[in-house]
Amino acid sequence: MTEDMPEPVVHITGVRELARDLVVIPDRRVQLVPNIGIIGGQHSVLVVETGMGPRNAETVLNFAAEYANGRQLYLTTTHFHPEHAFGAQVFAGAATYLVNRDQAEDLKVKGPGYVEMFKGLGEPVARQLDGVALARPDIVYDQAYELDLGGRVVQLRATGRAHSKGDQVVKVPDADVLFTGDLVESGQFAIFPWFPPHDTDVSGTRWLAVMQRLAAEGARVVVPGHGDVGGPQLLADVRDYLQLLRDETWIRRDSAMREQTIVEEISALMIQRHPDWVGQDWIEKGVGCLCAEHPEQRHVDDDQGKAAR
C-alpha cells in the first residue's frame with residue numbers, strides 16, 4: 001500500500017437495503033474497508049464488522065445506534081483481521097460482542113502482531129490503527145450460535161480453518177442473506193494470508209471444502225468481505241477458482257516443477273481467466289499455500305516432524 005492510496009475509511013454513503021430491516025454499508029471498493037452489515041429484529045440489532053480501528057468503529061457505532069433507535073446492540077466479526085475486527089473496543093458497553101472460540105483465540109494470540117504488521121503497510125493504515133486496543137468478546141461459542149433479535153434469528157457458524165483459523169459466516173435465514181467475510185471476495189482473487197513462518201493458518205484445501213459446502217447451500221444474497229454484493233454465483237466463482245488453483249498447482253508440483261515456475265504459469269493462467277479481477281499478487285500466496293498442502297509435501301513434513309521428535 002502506498003501513501004497516495006485512498007484512506008481506509010468507512011463512509012456512510014450508498015447504504016443498501018438488502019431486505020426488511022437489513023442494510024449494508026458498502027466498502028466502495030476502497031482497499032482495507034470491509035462491507036459492514038446491520039441486521040435488525042424487533043428488540044435487537046446485530047452489527048457485522050467494525051471497520052479498521054477506533055475512528056472507523058465510532059462511525060459504524062453511531063450509525064448503528066441511530067438505526068437501532070433504542071433496540072439492544074450486538075456486534076460480531078467474520079474473522080480477526082484488522083479491517084474487520086480491530087474497532088471492537090469502541091462497542092464496549094454499547095453492544096454485546098460475540099464470536100467463535102477460534103476467532104477469540106486469534107484475536108488474543110495473533111492480534112498484536114497484526115497491528116504492527118498492518119501499521120507497516122503505510123501511514124494511511126497506521127493512522128487508523130492508532131489507539132487500537134484489542135477487545136475481548138463478551139460471548140464465545142464453539143461451532144454455532146443462534147442469535148434471536150426478536151422475530152428474526154441470525155445464525156452464526158464457525159466454518160473451521162480456511163481464510164483464517166477462526167472464520168465464521170453470518171446467515172439471515174428469513175431473508176436468505178449470507179455474510180461471508182473474506183471467504184468470498186467479489187471481483188478479486190482470493191486473499192491468502194500466507195506468511196510463513198509467522199502465519200500459516202490459511203488452508204487452501206479446507207477453504208475449498210468450505211466453499212463447496214456454501215455453494216451447495218446457496219443464498220439469495222451474498223455479502224462478500226470486499227467487493228460488490230451479489231448472488232449465489234459469488235460462492236460458485238470462489239469455489240471454482242480455488243479448485244482450479246489447487247488442481248493446477250498440484251499437477252505442476254507432481255512434475256517436480258520449481259515453485260517459482262509454478263507461480264509464473266498459474267498467475268498467467270488465472271489472469272487470463274479473470275482479467276478484470278484485482279489482487280493479482282494473492283495468486284502467488286495461494287500457490288505457496290497449496291504447494292505446502294500438496295500430499296507429498298505433507299508426507300515429507302510429517303516424516304521430518306517424527307524425526308525431530
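## Largest nonpolar core

In this predicted model, the largest nonpolar core has 36 residues, and those touching the most other members are Leu183, Trp207, Met211, Tyr241, Leu242 and Leu245. Two or more residues each are given to this core by β11 (177-185), α6 (204-217), α7, α8 and α9. Helix α7 supplies the largest share, eight residues.

A second core, separate from this one, holds 35 residues; among them are Ile38, Val47, Ala95 and Leu107.

## Surroundings of Tyr241

Tyr241 is buried, because its relative accessibility of 3% falls under the 20% limit. Beyond its neighbours within four places in sequence, Tyr241 is in contact with Phe189, Ala190, Met270, His274, Trp277 and Ile283.

## Aromatic pairs

Eight aromatic pairs are found in a search of the whole structure. One of them joins Tyr141 and Tyr145: the ring centres are 6.0 Å apart and the planes stand at 40°. That angle is neither under 30 degrees nor over 60, so the pair is tilted. The two residues are classed separately by accessibility: Tyr141 is buried at 3% relative accessible area, whereas Tyr145 is partly exposed at 25%.

Tyr241 and Trp277 form another pair, with ring centres 5.8 Å apart and planes at 65°. Because an angle over 60 degrees counts as edge-to-face, this pair is edge-to-face. Tyr241 belongs to helix α7 (residues 233-254), while Trp277 is in the loop between α8 (259-273) and α9 (281-292). The pair therefore ties together parts that are 36 residues apart in sequence. Trp277, like its partner, is buried: its relative accessibility is 16%, and that of Tyr241 is 3%.

Elsewhere, one aromatic cluster is formed by Phe80, Tyr114 and Phe118.

## A charge over a ring

The ring of Trp250 has the charged end of Arg246 over it, at 5.8 Å from the ring centre.

## Leu32

Leu32 is located in the loop that runs between β2 (22-25) and β3 (36-40). Although in a loop, Leu32 counts as buried, because its relative accessibility is 12% and the limit for burial is under 20%.

Along the chain, Leu32 and Glu248 are 216 residues apart, and their C-alpha atoms are separated by 29 Å.

Key:
Residues numbered from 1 in each chain as written. Predicted model: local features only at pLDDT ≥ 70, side-chain atom pairs only at ≥ 80, totals over all residues. Heavy atoms only, no water. Phe/Tyr/Trp six-rings, centres within 6.5 Å; stacked < 30°, edge-to-face > 60°. Buried < 20%, exposed > 50% of the residue type's maximum accessible area, 1.4 Å probe, protein only. Helix = DSSP H or I, 4+ residues; strand = E, 2+ residues; numbered from the N terminus. Lys NZ or Arg CZ within 6 Å of the ring centre and 35° of its normal. Core = buried A, V, L, I, M, F, W, Y, C linked by side-chain atoms within 4.5 Å. Contact = heavy atoms within 4.5 Å.
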